[in-house]
Amino acid sequence: MKFNTKAIHGGQDNTDPAYGSVMPPIYQTSTYSQTTPGGHKGYEYSRSANPTRTALEKSIASIENGEYGLAFGSGLAAIDAVMKLFKPGDEIVSTNDLYGGSYRLFTKIFENMGLKFHFIGMQDAADIEKYINENTKLLWVETPTNPMMNIIDIKACSKIAKKHDILLAVDNTFATPYLQQPLDLGADIVMHSATKYLGGHSDVVMGSLVVKDKELSEKLYFIQNASGAVCGPQDSFLVLRGIKTLHLRMQRHCENGEAIAKYLKGHPKVGKVYWPGFEDHPNHEIAKSQMSGFGGMISFTTKEGTLESAVSVVEKLHVFTLAESLGGVESLAGHPASMTHASIPKEEREKTGVVDSLIRLSVGVEDEEDLINDLKKALG
Ligand SMILES: *Cc1c(COP(=O)(O)O)cnc(C)c1O
């Protein structure tokens, strides 16, 4: 099956035995009747498994070309489950320019529990090996990175991970499986904040993991059930519905993203524009080789370079909504330094380019001309 078909049918068995419903019912139940102790139909308690969640988990596994999918109450809950594979003394090499909440989880929760993190620029994969020692257990990669849109070579990371017999996990939230399939490039775990493009309609918070390896899936399933950060059936249904139009939405996100990136690049009030589709993006060639499109996430600075100039632009936008999050049908604008990345110390974030004049856009699927006019007015 090709991607567009998988988005709709992947992992789904459309044979509802009760009434033939085309969509899986929302099994809004915590428990399931048993005929005799242990005599159940595969479901005992909804933390362990729920049929609506199972349908979603199979769909996500299918579109990521994986074997096993696991859905969680949020993207961070999914990352939390990955980190619980490890024990005190284990080391993790992570992208330095990553989602602020991931950084907070690593440094404020898991460092206290004895894991050691090395945050490094991974744009040159050769740098990674310097940080690997006998305690290293995982490479944590986010690409494109949030919000600087750096590109990390997943295949090169996979080679390094295999050489040292460690795991490679990729946060694929920005690219989505429509544009990039990390398991095919050698990753062991692919993670999503399904809150973003998979859900796609800004109406649910959810996370997921997909793996190919059975043993790894069993360990993660054990953690999912034992720690219990699962998502509910209603939310599972919403994300399953979202995935059915992922390919259609992503096409438009890419088209609008390209138009807006190019518009911003030529604008006299704009400083730098970060978008991996530009030929002068430092890792454009890698982006081209591992992604089938460049997506709708763009960051840019104001020419003036001040906090006030960036705030003034985001406040003047009307079609773009000033809000955290990304990946929905509606266009959003954010100010990373004071919003999504406020949990990263100023000194740390400025090292990676998250300066006060940086604005991040999640370009939606509205009319391109309306979006450009909105930016035109806001930039003045
Ligand atoms: C939003 C986001 C997360 C966290 O996901 P939640 O669903 O908000 O918990 C992780 N990684 C990236 C890249 C994100 O954008």
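Strand β2 (residues 91-95) and β3 run parallel, joined by five bridges. Across that pairing, Ile92 sits opposite Phe117 in β3. Keep in mind that this is a predicted model. Here's a quick tour of the sheet those strands belong to, and then of the cavities.

**The sheet**
- Seven strands make up an open sheet with mixed pairing, and the order is β1-β7-β6-β5-β4-β2-β3.
- The edges go to β1 (68-72) and β3 (116-120); each has a single partner strand, so one side of each has no neighbour in the sheet.
- From one strand to the next, the twist averages 20°.
- Helix α7 lies across β1, β5 (167-171), β6 (189-193) and β7 (207-211), and it runs at about 20° to β1.

**The largest cavity**
- Two cavities of 30 Å³ or more turn up, and the largest has a volume of about 80 Å³.
- The largest cavity has 13 lining residues, with Asn96, Ile344, Glu348, Arg349 and Thr352 nearest its centre.
- Its lining splits into six nonpolar, four polar and three charged residues.
- Both domain 1 (3-243) and domain 2 (246-379) chip in, with at least three lining residues from each.

**The second largest cavity**
- The second largest cavity holds about 30 Å³ of space.
- Its lining is made of Phe72, Ala77, Asp80, Ala81, Lys84, Ile223, Gln224, Ser227 and Ala229.
- The elements giving two or more residues to that lining are α3 (75-83) and α7 (214-227).
- By class, the lining of this second cavity comes to five nonpolar, two polar and two charged residues.

Conventions. Residues are numbered from 1 along each chain as its sequence is written. This is a predicted model: local features need pLDDT of at least 70, side-chain atom pairs count only at pLDDT 80 or more; totals for chains, interfaces and linings use all residues. Side-chain values use heavy atoms; hydrogens and water are left out. On a 1 Å grid over the protein atoms alone, a cavity is a set of points where a 1.4 Å probe fits but cannot get out, and a pocket is an open set with protein on both sides within 12 Å along at least five of seven lines; lining residues have an atom within 4 Å of a point. Grid points are joined across faces, edges and corners, and a volume is the space filled by probe spheres set on the points. Ala, Val, Leu, Ile, Met, Phe, Trp, Tyr, Cys and Pro count as nonpolar, Asp, Glu, Lys and Arg as charged, and the others, Gly among them, as polar. Domain bounds come from an automatic or database domain assignment. Helices (H or I, at least four residues) and strands (E, at least two) are DSSP runs, numbered from the N terminus. Two strands pair if DSSP finds at least two bridges between them. Axes are lines fitted to C-alpha atoms, for helices over the stretch in contact, and angles run from 0 to 180 degrees between N-to-C directions. Contact means heavy atoms within 4.5 Å.
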